[in-house]
Amino acid sequence: MDLTILYRGPLASCDYDCPYCPFAKRRDTPEQLRADRAALARFTDWAGAQTDDRLSLLLTPWGEGLVRSWYRRALVELSHQPHIRRVAIQTNLSCRTDWLADADPGTVALWCTYHPGQTPYDRFLTKARDLADRGIRFSVGVVGLPEHLEHARRLRAALPAHVYLWVNAADGRTYTDDEAATWTALDPLFPYSRHPHRSAGLPCRTGESVISVDGEGTVRRCHFVRAELGNLYDGSYRAALAPRPCPLAVCDCHIGYVHLETLPLYDVFAGGVLERIPERIPERVPTPAAPAVVHTP
């Protein structure tokens, strides 16, 4: 089986206090941290034992994982497993980067977000350049807020040319055509983020070759659909894997809509879907129309 897994354990604490994030500066109790550590160890052991499968893994913690030693250790361990095609994590890059010397740079990857006002620009850029020097696959991105524009331009000019800088449309924000053009000049793929994508009844790889797993091992098709498909650790999820249309009206998060079969993003991000690294940038990216009605079941 060739399977992509998005793992999200109970960790919900972060060292940043971004005003656009509901988990800013939230603290987990020692008991919650121990539970998260045990859940990740269980998942890591399971993934390491699936030698008959081909796995691609993306860790998507609500909080910041790489400031915790067990996330760094899990990425290093999993990166050396021959049946694991990719192991990646979403991170604010506030952690040190020297631990990556022990990881396999052909397998490990980072999806990094720069948060202006939360970390000094020079500190973030130094870490990004260190990743590049180490040969680590990574992308860098920002939230498309007006106050972030000059920071994003400065970062794009300073990053190595091969490093993709992405821009996420801010939640709930409507962009004029001129504003969208400004962000598209930095990220040619911004049109895919500008509007939510209509998804109701459309084919999606989630639930067939892509699944979401929580700390208890509960398997769902993705993070945004609550219906359960079974449990990872007893194997009951396997019988539920099948093509199925999306039950939601729209999909507005990259880790969700990248898997829609109606979008060409598996071709655009060939080999880099999990870490958000495009294989090529299309000459023209059509701007999806905003859905007339947005429902969130």
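Strands E1 and E2 pair in the parallel sense, over six bridges. The model is a predicted one. One pair of bridge partners is Leu3 and Leu55, the latter in E2. E2 also pairs with E3, again in the parallel sense, over five bridges. Here Leu59 stands opposite Ile89 in E3. E2 is mostly covered: five of its six residues are buried.

Now step back to the whole sheet. Nine strands form it, in the order E6-E5-E4-E3-E2-E1-E9-E10-E11. The sheet is open, and its pairing is mixed. Which strands stand at the edges? They are E6, residues 165–169, and E11, residues 225–231. Each has a single partner strand, so one side of each is left without a neighbour in the sheet. From one strand to the next, the twist averages 30 degrees. In a regular strand, side chains alternate between the two faces of the sheet.

Helix H1 packs on this sheet. H1 covers residues 30–49. It touches E1 (2–8), E2 (54–59) and E3 (84–91). The direction of H1 makes about 160 degrees with that of E2.

Helix H2 comes next, at residues 69–79. Eight of its 11 residues are buried, so H2 is largely enclosed by the rest of the structure. Those buried residues are Trp70, Tyr71, Arg72, Ala74, Leu75, Val76, Leu78 and Ser79. What do they pack against? Their neighbours are H1, E2, E3 and strand E4, which spans 108–113.

Follow the sheet order to E5, residues 137–144. Ser139 lies in this strand. Is Ser139 buried or exposed? It is buried, because its relative accessible area is 0%, and the cut-off for buried is under 20%. The side chain of Ser139 reaches the backbone oxygen of Glu275 at 2.8 Å. Ser139 touches residues from several parts of the sequence, among them Leu110, Trp111 and Cys112. Tyr164 and Trp166 are also touched by Ser139. So are Glu275, Arg276 and Ile277.

Turn to the other end of the sheet order. E9, residues 210–214, pairs with E10 in the antiparallel sense over two bridges. Ser212 has Arg220 of E10 as its bridge partner. The two strands form a hairpin with three residues between them. In that turn, Gly217 has a positive phi of about 90 degrees.

A second hairpin joins E10 to E11, through two residues. E10, residues 218–222, pairs with E11 in the antiparallel sense over four bridges. Arg220 stands opposite Glu228 in E11. Cys222 stands opposite Val225, also in E11. E10 is mostly covered, with five of its five residues buried.

One residue of E10 deserves a visit: Arg221. How is this residue placed, buried or exposed? Arg221 is buried, because its relative accessible area is 5%, and buried means under 20%. Its side chain has polar atoms that meet backbone oxygens. The backbone oxygen of Pro245 lies 2.8 Å from one polar atom of the Arg221 side chain. For the backbone oxygen of Arg244, the distance to a polar atom of that side chain is 3.2 Å. Arg221 also touches many other residues, including Cys204, Thr206, Gly207, Val210 and Ile211. Ala227 and Leu229 are on its contact list as well. So are Cys246 and Pro247. Glu179 offers another view of Arg221. These two residues are 42 residues apart in sequence and 34 Å apart in space, C-alpha to C-alpha.

Finally, look at a pair of helices. Two packed helices are described by the angle between their axes and the distance between the axes. What are these values for H3 and H4? H3 (residues 121–133) and H4 (residues 149–158) pack at an angle of about 35 degrees. Their axes are 11 Å apart. H3 passes H4 in a right-handed crossing. On the H3 side, the contact is made by Tyr121, Asp122, Phe124, Leu125 and Arg129. H4 contributes Arg154, Leu155 and Ala158. By class, the contact has five nonpolar, no polar and three charged residues.

Conventions:
Residues numbered from 1 in each chain as written. Predicted model: local features only at pLDDT ≥ 70, side-chain atom pairs only at ≥ 80, totals over all residues. Heavy atoms only, no water. Axes fitted to C-alpha atoms, helices over the stretch in contact; angles between N-to-C directions. Left-handed = near helix turned anticlockwise from the far one by under 90°. Contact = heavy atoms within 4.5 Å. Nonpolar A, V, L, I, M, F, W, Y, C, P; charged D, E, K, R; others polar. Buried < 20%, exposed > 50% of the residue type's maximum accessible area, 1.4 Å probe, protein only. Polar contact = N/O pair within 3.5 Å; in protein donor to acceptor, adjacent residues only side chain to side chain. Pairing = 2+ DSSP bridges. Lists of a residue's contacts leave out its neighbours within four places in sequence.
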